[in-house]
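Student: I have a structure to study and some labels to understand. Can we go through the reasons behind them?

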Amino acid sequence: IVASDRALAAPPALAQRAVQQVRGRKRLNRAFWRTWQLLHAQTFLVQRETWPASAAVLVLGVIVALLSNQVGVIYFIAPLVAASTVAMLSGREHDPAYELTVATPTQPWMVLLARLSIVSAYNLVLTLVATLALLLIVPPGLLGTLILGWLAPMAFFSGLALLLSLWIGSSNATIFIYVLWIAQYVPYKAVGTWMISPACSMIISAYQNFWHNPLLLFLLSIPLAGIALWSANRPVFRLNQGID
């Protein structure tokens, strides 16, 4: 290795040509090029199991929906898939090159945003394909309503999962979100409305209606994702720091 290294000669004016090439690009072109490099690099650092696992769950959901003639299966599954995959974007247990990642000049929030964009785009495309498959049992006119139905909670849970994974860890974040989502399906009336006070009934009704308010879910997803990215640069806010 040493002999080969000594035998290699650097091309003439290598440094000067590199500087000229960098400075020769327009600012907008440099921004697009750096963004592409960051997205391309982070694609290989996302856990490999994420891609086939998400696809397998959604394929299973489509099969169940077609067999049972229930389009609500995709509405139920899509946000959970998004939350579980986004929750595993950062941390030593999910990033095999974690030490190298934090040692690079690229800020942590930019790395996290790149991974969030990649995984969210992948989940979005998968769920859109799964929804199109439901055209076998759904009239085409209801396609937009069906997409909006799962897109809003998916966006909300993506932001919440990212934030909670930084604060309390991926596993805790996933469990917390699963409980939040499944709680709306609990048949409280079957348990007995006599056991629930009027105030509790109002709270339960408001909670169930919350998940069917797309505009509110979209609006809340933006600050959640923003706080998560802001927290990525401030390890002091990570409540699970002592657990590591």
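**Reasons behind the labels**

Tutor: Yes. Keep in mind that this is a predicted model. Start with helix α5: 13 of its 15 residues are buried, so the rest of the structure largely encloses it.

Student: How do you know that the span of helix α5 agrees with its number of residues?

Tutor: Helix α5 covers residues 72-86. At 1.5 Å a residue, its 15 residues should span 21 Å. The end C-alpha atoms lie 22 Å apart, which agrees.

Student: What makes the pair of Phe 156 and Trp 211 edge-to-face?

Tutor: The ring planes meet at 75 degrees, and edge-to-face requires over 60. The ring centres are 5.7 Å apart, and the limit for a pair is within 6.5 Å. So Phe 156 and Trp 211 form an edge-to-face pair.

Student: Where in the chain do these two residues sit?

Tutor: Phe 156 is in helix α8, and Trp 211 is in the loop between α11 and α12. They are 55 residues apart, so the pair links distant parts of the chain.

Student: Why is Trp 211 called buried?

Tutor: Its relative accessibility is 3%. Buried means under 20%, so Trp 211 counts as buried.

Student: Why is Tyr 207 called partly exposed?

Tutor: Tyr 207 has a relative accessible area of 24%. Partly exposed lies between the 20% and 50% cut-offs, so the label fits Tyr 207.

Student: And why is Val 59 called partly exposed?

Tutor: Val 59, in helix α4, has 49% relative accessibility. Exposed means over 50%, so Val 59 counts as partly exposed. With Ile 63 and Leu 67, Val 59 forms a nonpolar patch on the surface.

Technical notes. Residues are numbered from 1 along each chain as its sequence is written. This is a predicted model: local features need pLDDT of at least 70, side-chain atom pairs count only at pLDDT 80 or more; totals for chains, interfaces and linings use all residues. Side-chain values use heavy atoms; hydrogens and water are left out. Patches are made of residues with over 30% relative accessible area and no salt bridge: like charges are joined within 9 Å, nonpolar side chains (Val, Leu, Ile, Met, Phe, Trp, Tyr) within 5 Å. Accessible areas come from the Shrake-Rupley method with a 1.4 Å probe; for residues, only the protein chains shown count as cover. A salt bridge is a side-chain nitrogen of Lys or Arg within 4 Å of a carboxyl oxygen of Asp or Glu. Helices (H or I, at least four residues) and strands (E, at least two) are DSSP runs, numbered from the N terminus. Buried means under 20% relative accessible area, exposed over 50%, partly exposed in between (1.4 Å probe, protein chains only). The expected span of a helix is 1.5 Å times one less than its number of residues. Rings of Phe, Tyr and Trp (its six-membered ring) pair if their centres lie within 6.5 Å; planes under 30 degrees apart count as stacked, over 60 as edge-to-face and the rest as tilted.
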